[in-house]
Amino acid sequence: MIVAEQKPFAEIAGFVADCNKILVAGCLGCVAVCLAGGEKETEILAAALRMHRRLQGKPLETVTYTATRQCDPEYVDAMADLVKDVDAVVSLACGVGVQYIAERYPDKWVVPALNTRFAGGSVAQGVWEERCGLCGECILHKTGGICPIIRCSKSLLNGPCGGSQYGKCEISKDVPCAWQLIYDRMKALGRLEWLLEYQPPKDWSKSRDGGPRKAVREDATI
Amino acid sequence: MFEPRIVAFCCHYCAYSAADLAGSMRLQYAPNIRVVEMPCSGTIDARVILAAFEDGADGVYVAGCLEGDCHFLKGNFRAKKRVHYVKKLLDDIGLGGERLEFYNLSAAMGTRFAEIANEMTERIKNLGPSPLKAKEVAGA
Amino acid sequence: MNLTTESRLEKLLKRGEFVVTAEIGPPQHASAHEIVHHARLLKGYVDATNITDCQTAVVRLSSFAAAVHILREGLEPIMQMTCRDRNRIAMQSDLLGAYSLGIRNLLCLTGDHQSFGNHPTAKNVHDLDSIQLINMVKRMRDDRVFACGEPIKEHEPRFFIGAAANPFADPFEFRVVRLEKKINAGAQFIQTQCIFDLERFSRFMEMVVERGLHERAYILAGLTPIKSIGAARYMQKNVPGMIVPEELVQRLRKAKDDGKNVADEGVDICVEFINKVRKIKGVAGVHIMAIAWEEIVPTIVQKAGLYPRPKAD
């Protein structure tokens with residue numbers, strides 16, 4: 001899923017400082033799972049903004065709505081009535097949701113309440129870690145199911161750099177070296193010889209470097 | 001004289017029973033406390049705390065069992081972390097985290113319950129009325 | 001002699017000379033004054049000089065330009081190039097430019113992470129990794145093609161290709177495998193990370209010899225003279241991928257307690273290490289990295305009995 005984190009409260013409050021009425025829009029997709037922008041977080045943010053503004057003597061009216069997904073036009077359409085008479089929409093979705101609302105309501109001021117961080121998963125209650133670099137050409141079959149593109153700080157494809165020591169990455173003792181993990185796993189699987197094979201330069205055009213990407217499933221289009 | 005309104009979210013297994021005990025013991029304590037019984041302090045939700053303040057509370061506290069004694073094992077630890085989170089949010093909002101507190105006590109601590117009620121009342125009296133309320137009045 | 005390049009370093013190594021290289025770190029300003037000063041100090045004492053490429057991710061005068069300054073002083077540069085700051089387009093462009101200006105040796109590196117340096121908020125590149133860079137340089141030279149496969153119609157850059165090896169990083173057993181990958185990709189000479197743990201380096205070299213890698217590439221043992229106890233402690237605790245045994249720190253401390261100059265003791269240790277690594281099978285030379293202490297190199301070379309240096313012609 002996409003993992004996001006709420007922006008500092010003061011930053012969000014600043015985005016809507018000149019508004020009198022706002023729609024605070026949550027999303028029940030990934031950001032609800034990572035506790036950043038679900039129904040609960042949406043209501044907390046709305047209440048906090050209202051209280052903050054009341055203390056400033058400039059009361060703010062809030063409307064809340066939590067979409068099933070903000071990354072699907074039909075669910076963004078569903079908030080049309082609420083969007084109509086607000087000065088701004090504060091979206092608690094990932095960057096996709098914010099853009100979907102902005103696209104659907106071109107004359108509306110739409111601001112992000114979250115920082116979209118990474119594609120990852122939960123490793124313990126309340127803890128999430130990055131796992132996928134969205135590079136567009138998966139190589140996990142060559143690396144024992146551990147992604148060096150995103151889990152190695154330098155995206156190395158041919159083994160660990162000289163900064164890998166005691167299983168940790170040179171950037172921090174809290175970051176495991178992806179290549180140590182790959183090595184250990186390939187060793188356990190009896191496939192170490194795979195790591196001797198030279199991996200040629202990656203085709204980054206399939207990643208974000210190739211410009212905005214698009215996926216089409218012909219059979220699914222109408 | 002300012003008489004604060006304080007909401008106390010009390011766990012059924014400890015603080016709430018301690019309140020009962022305080023009553024049976026005929027202990028005198030500040031009448032400013034409004035007790036809300038909860039099945040466990042761990043069920044406390046940031047939204048409820050915020051709603052209390054938004055609707056006029058001058059102070060709020062959550063009272064759970066002594067550490068290690070939670071009927072649901074870890075509910076009180078969760079409550080403590082959540083209260084800590086909301087305290088920070090109250091600072092961000094500008095209301096001030098010191099209007100919110102978390103306490104641990106047991107069902108046998110009737111005296112301690114009364115103490116906490118007095119302590120919190122005293123703290124909020126010193127802080128004065130919730131500025132949210134003042135703004136409401138001024139705005140009205 | 002069958003040489004692949006015009007590199008003087010390659011010629012000496014092929015002739016079987018025990019070579020000496022050193023390192024010059026370019027300054028954090030736009031004057032070549034110190035580079036020229038260091039080049040003059042080192043001239044005649046080393047066979048070639050590495051020029052670091054924004055080491056520890058701190059912005060410095062470029063390795064490319066510094067290498068040209070060194071060249072003008074009559075010293076042979078080994079230009080270092082990391083994968084951190086350039087993509088394959090910029091790298092190939094710099095390679096063409098560097099070759100056109102007379103640079104003949106290239107050391108291909110991954111590069112320290114930018115979080116160590118003075119621009120931790122920078123975006124890193126890592127379009128290629130060091131092994132892919134080695135292979136690209138080799139293909140430009142031997143197959144006369146750019147990375148994309150298009151031919152280099154004339155005047156291909158012909159670099160003597162170097163790579164780094166760190167016997168002190170982990171996973172230890174994989175370090176030799178990775179070295180082999182670098183040699184397979186085209187590395188002709190190898191410079192190691194600073195050696196303070198001789199035992200581990202010996203074990204590494206045993207594995208190197210076992211795989212016959214010393215016959216496929218020239219391995220230069222990296223050595224660093226320690227100037228102070230603080231520097232030793234810093235490297236021991238804060239530099240990932242380095243091993244500084246406690247005995248070494250204690251030896252410096254004892255020297256200090258005995259009223260000896262710690263820096264002199266550091267030089268003595270370095271000279272001892274040179275004499276020891278010379279005896280290890282497969283070591284073809286030494287690479288002296290006197291970090292911010294370039295002026296000590298001639299002393300070390302002399303004390304190690306490696307002066308004068310052989311003539312290339």
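Start by selecting chains A and C and looking for salt bridges across their interface (a side-chain nitrogen of Lys or Arg within 4 Å of a carboxyl oxygen of Asp or Glu): the rule finds 0 there. The model is predicted, so local features need pLDDT of at least 70 and side-chain atom pairs count only at pLDDT 80 or more, while totals for chains, interfaces and linings use all residues. Residues are numbered from 1 along each chain as its sequence is written, chains are lettered from A in the order in which they are written, and side-chain values use heavy atoms, without hydrogens and water.

Stay with this interface. Chain A brings 29 residues into contact with 35 residues of chain C, where contact means heavy atoms within 4.5 Å. Of the 2 pairs of chains in contact, A and C share the most contacts. The two chains bury about 2500 Å² between them, 52% of it on carbon and sulfur atoms; this is accessible area (1.4 Å probe) lost on being put together, summed over both.

Next, select helix α3 of chain A (residues 39-55) and helix α3 of chain B (residues 75-93); helices here are DSSP runs (H or I, at least four residues), numbered from the N terminus. Their axes lie 9 Å apart, at an angle of about 40 degrees. Axes are lines fitted to C-alpha atoms over the stretch in contact, with angles from 0 to 180 degrees between N-to-C directions.

Show the side chains now: A:Ile44, A:Ala48 and A:Met51 are among the residues that meet a group including B:Leu89 and B:Ile93.

Finally, select chains B and C: no contact joins them, and their closest C-alpha atoms lie 27 Å apart.

Technical notes: Helix = DSSP H or I, 4+ residues; strand = E, 2+ residues; numbered from the N terminus.
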